[in-house]
Amino acid sequence: MHAIHPTVKKAEIGYWVHTDYTKKGVTSKAVRALCQYAFDVLKLNKLTIMADVRNIGSNKVAQSCGFTLLGTRPQDIFIYEEFQDMNEYYLLKESFR
């Protein structure tokens with residue numbers, strides 16, 4: 001978790017997983033645990049996840065953890081020598097299961 005803003009009660013969750021550990025549910029479990037901690041301990045109200053539109057796995061993690069797609073930010077990040085579009089997801093405390 002980063003970009004924590006305690007005064008406005010929100011933060012961003014980011015993840016990067018080695019290919020040896022993808023498609024095993026590890027990231028989804030970690031994200032759910034972070035959500036629980038953020039809402040219950042840090043008393044945050046909103047969490048966001050930014051996922052490269054081409055990264056199917058990262059988008060699936062956000063969706064499977066109950067995050068809602070807010071929209072796509074065109075050319076939002078410059079990586080691998082080119083601009084990439086990013087999907088922005090959010091989860092509110094009241095929607096967390």
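The following legends describe close-up views of a predicted model. Local features are limited to residues with pLDDT of at least 70 and side-chain atom pairs to pLDDT 80 or more, whereas totals for chains, interfaces and linings use all residues. Residues are numbered from 1 along each chain as its sequence is written, and side-chain values use heavy atoms, with hydrogens and water left out.

**Figure 1. The largest pocket and its lining.** The volume of the largest pocket is about 820 Å³. A pocket is an open set of points on a 1 Å grid over the protein atoms alone, where a 1.4 Å probe fits, with protein on both sides within 12 Å along at least five of seven lines; lining residues have an atom within 4 Å of a point. Grid points are joined across faces, edges and corners, and the volume is the space filled by probe spheres set on the points. Of the 30 lining residues, Tyr15, Trp16, Asn55, Gly57 and Ser58 are the closest to the centre of the pocket. At least two lining residues come from each of β2 (10-13), α1 (26-40), β3 (46-52), α2 (56-64) and β4 (68-79). Helices (H or I, at least four residues) and strands (E, at least two) are DSSP runs, numbered from the N terminus. The largest share of the lining, five residues, is supplied by α2. By class, the lining comprises 14 nonpolar, 10 polar and six charged residues; Ala, Val, Leu, Ile, Met, Phe, Trp, Tyr, Cys and Pro count as nonpolar, Asp, Glu, Lys and Arg as charged, and the others, Gly among them, as polar.

**Figure 2. Helix α1 and its buried face.** The end C-alpha atoms of α1 are 21 Å apart, in agreement with the 21 Å that its 15 residues should span at 1.5 Å a residue; the expected span is 1.5 Å times one less than the number of residues. Buried residues of α1 are Thr27, Ser28, Val31, Cys35, Ala38 and Phe39. Seen down the helix axis, these residues fall within an arc of 95°, so they line one face of α1. The arc is that of the directions from the helix axis to the C-beta atoms. Buried denotes under 20% relative accessible area, exposed over 50%, and partly exposed in between (1.4 Å probe, protein chains only). The cover over the buried residues of α1 includes β2, β3, α2 and β5 (82-92).

**Figure 3. Helix α2 and the surroundings of Asn59.** Ser58, Asn59, Val61 and Ala62 are the buried residues of α2. Their arc around the axis is only 155°, which puts them on the same side of α2. Ile56 and Lys60, on the other side of α2, are exposed. The buried residues of α2 pack against α1, β3 and β5. Asn59 has a relative accessible area of 7%. Leaving aside neighbours within four places in sequence, Asn59 is in contact (heavy atoms within 4.5 Å) with Ala51, Asp52, Val53, Asn87 and Tyr89. Gly66, which follows α2, has a positive phi near 90°.

**Figure 4. Strand β4 and the loop that leads to β5.** Asp76, in strand β4, is partly exposed, with a relative accessible area of 36%. Residues up to four places away in sequence not being counted, Asp76 touches Met50, Gln84, Asp85 and Met86. Gln75, also in β4, is exposed at 54% relative accessible area and, although not a glycine, has a positive phi of about 45°. Glu81 lies in the loop between β4 and β5. Phi of Glu81 is positive, near 65°, and this residue is exposed, with a relative accessible area of 72%.
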